[in-house]
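Student: I should like a close look at one part of this structure, namely a buried polar residue and what surrounds it. Please set it in the context of the whole chain.

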Amino acid sequence: MRFDVTPAALVLLVAACSTAPPDRIDALASGNGFDLSDPNAFVVGADDVQLVASADYAPPHRSPRAIALVDGTEFRSFTLDVDLMQTGREYGHRDLCLFFGFESAATYYYVHMATTPDPNAHNVFLVDGAPRRNLMEPQARGVDWGQEEWHHVRLVRDVDAGSIEVYFDDMQTPVLAAQDGSIEWGRIGFGSFDDTGRARNMVVSAFQSRPVERSGSPFPSPAPASDSD
């Protein structure tokens, strides 16, 4: 399902009167809005994206249900900086996710940042025509989301090196670091497996980009309401 952001929010950060490509893109103002796995689960504003409810979306394979993808651009190698706030209750799998290399609803990466690590939580995951699988051994510790707290998160993807690194508040030492080269190009996004949260100041830098090759939303449209009682 496609959700268009208001025109005032669709500003590509390119210097005026210059044809040189930008070195930074504000992904919340990238020009083409968002594709949402469930438009009723998200509120997209000029300054942030809010995930306000569990998503009513059944992915083709076991993987997150709430996904908001930046439309219009695919990225290869890049650095993504974003501020995240987790607004759900505290429990072991309390999470927010960042998506990248999103080719289709059946092929993409995501990083799952959670309170308590285990084989299915707080890891880098690959969905590739099968249920998601973790790319790292279970970690020793997760992250502390707190309550009503913004956290700065950085995702660094280097396709040529095959590296994926995730930083959480501390930009010197990654909390997650994996190696994989299964997917080169794809879209980026924000969401969660089961929870609610907010994203703002989503900036992509040091990137290789190209226009999205596949037109249309990767998510099915909701079924129309029945007229029968």
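Tutor: The account below begins with the model and the chain, and then turns to arginine 187, serine 63 and the nonpolar cores.

This is a predicted model, in which local features need pLDDT of at least 70, side-chain atom pairs count only at pLDDT 80 or more, and totals for chains, interfaces and linings use all residues. Residues are numbered from 1 along each chain as its sequence is written, and side-chain values use heavy atoms, with hydrogens and water left out.

The chain has 18 strands and zero helices; both are DSSP runs numbered from the N terminus, strands being E runs of at least two residues and helices H or I runs of at least four. Of its 229 residues, 49% are buried, where buried means under 20% relative accessible area, exposed over 50%, and partly exposed in between, with a 1.4 Å probe and protein chains only. Among contacts (heavy atoms within 4.5 Å) with a separation of 6 or more, 65% are between residues 24 or more positions apart.

Arginine 187 lies in strand S16, which spans residues 187-192. With a relative accessible area of 5%, arginine 187 is buried. Its side chain makes a polar contact of 3.5 Å with the side chain of aspartate 71. A polar contact is a pair of N or O atoms within 3.5 Å; within protein, one must be able to donate a hydrogen and the other to accept it, and residues adjacent in sequence count only if both atoms are side-chain atoms. Beyond its neighbours within four places in sequence, arginine 187 is in contact with residues including Asp35, Glu74, Phe99, Phe102 and Pro218.

Serine 63 offers a second buried polar site, at 2% relative accessibility. Serine 63 sits in the loop between strand S5 (48-51) and strand S6 (66-70). Its side chain reaches the backbone oxygen of histidine 61 at 2.8 Å and joins the side chain of tyrosine 108 through a polar contact of 3.2 Å. Leaving out residues up to four places away in sequence, serine 63 touches Tyr108, Val127, Arg132 and Phe193.

A nonpolar core is a set of buried Ala, Val, Leu, Ile, Met, Phe, Trp, Tyr and Cys residues joined through side-chain atoms within 4.5 Å. The largest has 45 residues, with Leu84 and Met113 making the most contacts inside it. Strand S8 (residues 78-86) gives the most to this core, with four residues. Apart from it lies another core of 13 residues, among them Tyr57, Phe102, Phe125 and Phe219. Phe102 is also one of the residues in contact with arginine 187.
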